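Hi everyone, thanks for making time for this. I'd like to walk you through one sheet and one cavity, so let me put the structure up on the screen.

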Amino acid sequence: MVALPIIHRHKTHMVRVGDINIGGEAAVVVQSMTNTDTADIAASVQQVKELADAGSEIVRLTVNTEAAARAMPEIKNQLLKEGYTTPLVGCFHYNGHRLLNDIPDCAVALDKYRINPGNVGFGEKRSQQFEMMIEKAIQYNKAVRIGVNWGSLDQDLSATLMDENAKRATPLPAENILREALVQSALNNALLAESIGLQPAQIILSCKVSRPQDLVAVYTELANRSKYALHLGLTEAGIGYKGIVATTAALSVLLQQGIGDTIRASLTPRPGEPRTTEVAVCCEILQSLGLRAFSPQVTACPGCGRTTSSYFQSLADQIQTYLHQQMPIWRGQYPGVETLKVAVMGCIVNGPGESKHADIGISLPGTGESPVAPVFIDGQKAYTLRGDRIAEEFMEILTTYVVTRFNTALSSETGLTV
């Protein structure tokens with residue numbers, strides 16, 4: 001996966017998670033979370049593989065019971081046997097201190113611990129149990145995400161800030177105080193972790209909220225007040241278009257400002273929808289902003305009265321599907337293929353122009369146009385397709401182009417430059 005350093009990044013500490021770097025000069029990292037019962041080893045392994053194949057570079061799993069904790073080492077081992085080195089994160093709430101202490105194999109197998117300070121315990125036990133988890137991270141040299149959530153915020157801190165605000169001559173809106181409480185909670189707990197012995201280069205912060213404007217405000221403040229690596233994401237983005245749009249709106253504003261070192265789209269899947277949708281959304285956000293390249297991009301016109309045939313839509317969908325299916329294979333065989341740009345256009349108005357701007361493109365005939373489809377390669381017209389096999393022939397040309405251009409060994413042997 002190729003990093004395209006266009007936007008000036010906010011400087012943060014670099015954190016090592018497994019074999020992945022987060023923060024510093026590293027590219028923004030995509031992560032996701034399983035929704036399987038972690039104790040179901042087979043199902044969890046399968047979903048981690050699916051998420052990794054889709055482009056997730058880190059995967060988080062719920063560790064809420066002894067059975068889930070005991071399953072983690074075997075999940076890790078099975079993934080490694082199948083060639084998956086994707087770092088695994090344990091998501092702990094309420095009993096993480098006990099699980100990490102009682103099941104050391106789990107503590108070792110995980111590459112990062114996710115701790116929510118609002119859910120580590122109550123009253124006097126909160127600090128003690130937080131300290132226990134941090135000590136395990138120090139003992140096993142693990143990264144920690146200190147993740148503060150709007151829905152589980154430290155009530156004592158919130159109450160204190162609300163009381164102080166009430167004494168102001170002109171009190172601020174309540175939502176401003178809650179945002180400040182989130183920021184203070186994250187920073188205070190990070191400093192507490194450091195006082196216990198955790199290094200800044202082991203700490204990632206997150207302040208999860210559900211509304212995009214709140215997310216932008218909170219992370220802008222976090223970036224101004226710290227150098228910790230930052231994990232971006234809405235805590236419950238929603239379902240369908242709502243979740244995708246809300247996530248894109250919030251993350252894009254921050255990423256454009258250089259804020260954010262790793263991202264997740266917390267989408268609610270529709271019934272039957274694959275879990276990998278959240279990964280696809282993150283990859284598309286980063287690729288659209290020019291920050292990363294994960295998969296070849298297909299430009300396709302939206303259609304209009306000049307394109308009464310839906311043929312170009314079908315072809316564009318076939319090509320996009322084909323490219324995504326091939327990427328797990330091509331990524332290893334053809335370095336750089338993720339930067340490929342393909343155009344599938346529906347008529348003569350923009351078709352030839354867009355096709356010339358792509359690495360490879362086809363301009364299909366619109367309504368009333370001659371039934372021919374010129375194919376452009378690297379800006380030059382290379383073929384003219386006709387008949388009933390236009391789709392099949394273009395796919396063959398596309399595949400040949402990929403093999404020829406991105407096969408380093410082949411290009412070296414033949415001296416061919418595409």
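Let's begin with the sheet, keeping in mind that this is a predicted model. Five strands make up an open sheet, and their order is β15-β16-β17-β18-β19. The pairing in this sheet is mixed. At the edges sit β15, residues 297-300, and β19, residues 380-385, each of which pairs on one side only. On average, neighbouring strands here are turned by 20° against each other, ignoring direction.

Now let me zoom in on one pair. Strand β17, residues 360-363, and strand β18, residues 373-377, run antiparallel and are joined by three bridges. If you'd like one to look for, Gly361 has Phe376 in β18 as its bridge partner.

Which helices lie across these strands? Helix α11, residues 311-333, lies across β15, β16 and β17, and runs at about 160° to β16. Helix α13, residues 390-406, lies across β16, β17, β18 and β19, at about 165° to β17.

On to the empty space. How many cavities of 30 Å³ or more does the structure hold? Just one, with a volume of about 40 Å³. Its lining consists of Leu267, Thr268, Pro269, Glu273, Pro274, Arg275, Thr277 and Glu278. Two elements give two or more residues to that lining: β13, residues 267-268, and α10, residues 277-288. Sorted by class, the lining has three nonpolar, two polar and three charged residues.

That's my tour, and I'm happy to rotate the view for anyone who wants another look.

Technical notes: Residues numbered from 1 in each chain as written. Predicted model: local features only at pLDDT ≥ 70, side-chain atom pairs only at ≥ 80, totals over all residues. Heavy atoms only, no water. Pairing = 2+ DSSP bridges. Helix = DSSP H or I, 4+ residues; strand = E, 2+ residues; numbered from the N terminus. Axes fitted to C-alpha atoms, helices over the stretch in contact; angles between N-to-C directions. Contact = heavy atoms within 4.5 Å. 1 Å grid on protein atoms, 1.4 Å probe; cavity = no way out; pocket = protein on both sides within 12 Å on 5 of 7 lines; lining within 4 Å. Points joined across faces, edges and corners; volume = space filled by probe spheres on them. Nonpolar A, V, L, I, M, F, W, Y, C, P; charged D, E, K, R; others polar.
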